[in-house]
Structure formats: C-alpha cells, structure tokens
Amino acid sequence: MVRIVNYKERQKEDGTSFFVLELQGGIEMVLSKVTGNFYATAKKAYIPSTFDEQVCTGLIGTEMPGSIIKEDCEPFEYVVKETGEEITLSHRWVYVTEDAVKPKQETFMPKHNIIANSDVFSQNGILEHAE
C-alpha cells in the first residue's frame, strides 16, 4: 500500500500548471554504510493528476494499493538539497499497481493439467517398495 502524503504544483512547458500527488510507501529499515546503524526511511514517488488544488488537499491520507519501485532511467544530474552536492543518478522511484508488482498467477500455471494419482501412495501407512 502507498499513501498520498502531499501534492505539489508543477508547470507544463506551455506555462500552464497542474498538480502532482506525492505518494509514500511503508516504512523501511536501511543499514547505513557510513555508521553501520539502521535508520527508518520510506520511498516516495510523484504522479501527475487532473485534480484541482481542493481535491488534492482532500486526498491527503488516502491509501492506494500498489508499491513504489526503483526504475532505471537515463542518467541525470541531481543536487542534494541538504549538502548542495551534485550527483548523477540513473534511476527514479515510480508507483506501480499491485497487478504490476505481483506476477500474474497464470504465469506460473503449468501448460498441462496434472492430476495426482493416490494409487501410488501406501494405503496402510507402511512404506512398501514397488516390485
């Protein structure tokens, strides 16, 4: 499950504005490579919407089925707000529905129906070798 935690106004190339919903996944514990201690974090992703600001405000707190996953993309430059450091990233976090996260059950179904034959098992509970 993901939760709508905020929204932001963005500008299109033509100058008109629209709102994106900020989604957040569940809490995750991550081991710091620097300190060796765990810290709590949550993945975030943004999805565009057709909603106005009033509707976006009302959606905050809404839970939706799905997950936020890491997706490879073309490398891009990113500035870490806290430090001002510029880094190159080649991934982004995206929202996917539960259908996209869980493999479809029919993918794992055998092509042929297999029917168990109970005649191959002992009927008296004693293991007997076949002749």
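Among contacts in the protein between residues at least 6 apart in sequence, 46% link residues at least 24 apart. The model is predicted. Buried residues account for 16% of the 131 residues. The protein exposes about 11100 Å². Carbon and sulfur atoms supply 54% of that area.

The secondary structure comprises two helices and eight strands. From the N terminus on, the elements follow the order β-β-β-β-β-α-β-β-β-α.

Four of the strands form an open sheet. Its order is 5-2-1-6, and the pairing is antiparallel. Strand 5 and strand 6 (63–64) are the edge strands, each pairing on one side only. Within this sheet, strand 1 and strand 2 (residues 17–24) run antiparallel and are joined by eight bridges. Q11 faces S17 of strand 2, the two residues standing opposite each other.

A further antiparallel pair is made by strand 3 (residues 28–31) and strand 4 (residues 38–41). Four bridges connect these two strands. L31 stands opposite F38 in strand 4. Strand 3 and strand 4 form a hairpin with six residues between the strands. In this hairpin, G36 adopts a positive phi near 80°.

Attention then turned to the pockets. Rolling a probe the size of a water molecule over the atoms shows where empty space is left. The largest pocket has a volume of about 1100 Å³. It is lined by 28 residues. The closest of these to the pocket centre are K44, A45, Y46, Y78 and W93. Six elements are listed as giving two or more residues to the lining: strand 1 (2–11), strand 3, strand 4, strand 5 (44–48), strand 7 (67–79) and strand 8 (86–96). Strand 8 gives the most, with seven residues. By residue class, the lining divides into 16 nonpolar, three polar and nine charged residues.

The pocket lining thus draws on strands described above. Strand 1 and strand 5 belong to the open sheet of order 5-2-1-6, and both give two or more residues to the lining of the largest pocket. Strand 5 is also an edge strand of that sheet. The hairpin strands, strand 3 and strand 4, pair in the antiparallel sense and likewise give two or more residues each to the lining.

Technical notes
Residues are numbered from 1 along each chain as its sequence is written. This is a predicted model: local features need pLDDT of at least 70, side-chain atom pairs count only at pLDDT 80 or more; totals for chains, interfaces and linings use all residues. Side-chain values use heavy atoms; hydrogens and water are left out. Two strands pair if DSSP finds at least two bridges between them. On a 1 Å grid over the protein atoms alone, a cavity is a set of points where a 1.4 Å probe fits but cannot get out, and a pocket is an open set with protein on both sides within 12 Å along at least five of seven lines; lining residues have an atom within 4 Å of a point. Grid points are joined across faces, edges and corners, and a volume is the space filled by probe spheres set on the points. Ala, Val, Leu, Ile, Met, Phe, Trp, Tyr, Cys and Pro count as nonpolar, Asp, Glu, Lys and Arg as charged, and the others, Gly among them, as polar. Buried means under 20% relative accessible area, exposed over 50%, partly exposed in between (1.4 Å probe, protein chains only). Contact means heavy atoms within 4.5 Å. Accessible areas come from the Shrake-Rupley method with a 1.4 Å probe; for residues, only the protein chains shown count as cover.
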